Each structure stands twice: as C-alpha cells, then as structure tokens.
Amino acid sequence: MTSKESKEYGYSIGYSKVGITSAEGFPDYVKEVESRGDEFDIFSFTTTNPVKVAMPKIKMPDAKSIIVLVWDYFQYDYPENLKQIMGKAYLGRCYGPQPGSIAYARLELMKEYLRAKGCKVDSSIGLPAR
C-alpha cells in the first residue's frame, strides 16, 4: 500500500485533507509545549495531551507512520439559531463521533481499509482542535 493510495481512499470517503508523516515523534513540539508551563495543564488528564500525542511510539512502538484525517466542518452551513449557541465542530459531530453518524462511519471505513492492507490502527489518540 502506498501513501498515495491511502490518501486517495481518504479523499474518496469524504475527508478534505489526508496527511501522512513519520511516527518518529515531534521532540521540538514537546519542548515548546513544556516551555509554556501552566498554559497547557488542562490537557494533562485527557487523551488530547499534547505531549503524549507528540510521541506516538510510546503508545505504538512498532508504528512507522501517522495518518491524519481532516474533515472540513466549515464547508456546511447550519441554522443561524443553532450557530449562536453551539460551535460548528459540535454541530458537525466531530467530537467523539457516535455510531450512526457519518463522522463515525467515515472513520470506521478508513480503519477497515487500513487493517485490510495489513496496518495496525489506533484511533484513540486525539489531537487538540487548536
């Protein structure tokens, strides 16, 4: 399986961006986050901890690549009365996609595709939206 094939499949099921990078980790990012001290304390107890996700081999020692999938929830419009009280990411069901939602189905399709190609998959790692 090539990177191009993985990206093409991701685009075919509706992702707006598909990126692939090495799983070697991002030590410069870790250093920057840690240099900011208390500003990132809120992430210390979540799966979106910026330091934990920056070192993927801690969780998956055999990992070779990271595939990042982006769905552009700004491409859709929502009723004005909802936009005043809820963010588009929430309205787009991007946080913790639930079974039965298109976001969940899209992620499951990608995981099935990768597994069928012999890849190990762990989608439990979340990234902060900011």
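Read along the sequence, the protein follows the pattern α-β-α-α-α-β-α-α-α, and the structure described here is a predicted model. The protein thus described has seven helices and two strands. Of its 130 residues, 24% count as buried. Among the contacts in the protein with a separation of 6 or more, 64% are accounted for by residues 24 or more positions apart.

The largest nonpolar core in the model is made up of seven residues, namely Ile13, Tyr15, Val18, Trp71, Met110, Tyr113 and Leu114. Helix α7, which spans residues 102–116, supplies the largest share of this core, with three residues. Leucine 114, one of the members of the core, is in contact with Met1, Ser6, Ile67, Cys119 and Val121 when its neighbours within four places in sequence are left aside.

Helix α7 also takes part in a pairing with helix α1, which covers residues 3–12, and the axes of these two helices come within 10 Å and cross at roughly 155°. Because an angle over 145 degrees counts as roughly antiparallel, α1 is roughly antiparallel to α7. The crossing in which α1 passes α7 is right-handed. On the side of α1, the residues that meet the other helix are Glu5, Ser6, Tyr9 and Gly10, while on the side of α7 they are Leu109, Met110, Tyr113 and Leu114. By character, the residues of this contact of α1 with α7 divide into five nonpolar, two polar and one charged. Met110, Tyr113 and Leu114 are thus named in the contact between the helices and also in the largest nonpolar core.

Three further residues of helix α1 can be considered individually, beginning with serine 6, which lies in this helix and takes part in its contact with α7. Serine 6 has a relative accessible area of 2% and is therefore buried, since buried means under 20%. Apart from its neighbours within four places in sequence, serine 6 is in contact with Met1, Val18, Ile20, Met110, Tyr113 and Leu114. Of these partners, Val18, Met110, Tyr113 and Leu114 are also listed among the residues of the largest nonpolar core.

Glutamate 8 is likewise found in helix α1, but its relative accessibility is 45%, so that it counts as partly exposed. The C-alpha atoms of glutamate 8 and valine 18 are 8.4 Å apart in space, and the two residues are 10 residues apart in sequence. Tyrosine 11, whose place is also in helix α1, is partly exposed because its relative accessible area is 41%, a value that falls between the limits of 20% and 50%. Not counting residues up to four places away in sequence, tyrosine 11 touches Ser16, Lys17 and Val18. Between tyrosine 11 and valine 70 there are 9.7 Å in space, C-alpha to C-alpha, although these residues are 59 residues apart in sequence.

Outside the helices, methionine 55 is found in the loop between α3, with residues 50–53, and α4, with residues 56–59. Its relative accessibility is 27%, and methionine 55 therefore counts as partly exposed. When its neighbours within four places in sequence are left aside, methionine 55 is in contact with Gly25, Phe26, Pro27 and Val30. For one of these partners, phenylalanine 26, the C-alpha to C-alpha distance from methionine 55 is 6.3 Å, with the two residues 29 residues apart in sequence.

Terms used: Residues numbered from 1 in each chain as written. Predicted model: local features only at pLDDT ≥ 70, side-chain atom pairs only at ≥ 80, totals over all residues. Heavy atoms only, no water. Core = buried A, V, L, I, M, F, W, Y, C linked by side-chain atoms within 4.5 Å. Buried < 20%, exposed > 50% of the residue type's maximum accessible area, 1.4 Å probe, protein only. Helix = DSSP H or I, 4+ residues; strand = E, 2+ residues; numbered from the N terminus. Contact = heavy atoms within 4.5 Å. Axes fitted to C-alpha atoms, helices over the stretch in contact; angles between N-to-C directions. Parallel < 35°, antiparallel > 145°, perpendicular 65-115°, else oblique. Left-handed = near helix turned anticlockwise from the far one by under 90°. Nonpolar A, V, L, I, M, F, W, Y, C, P; charged D, E, K, R; others polar.
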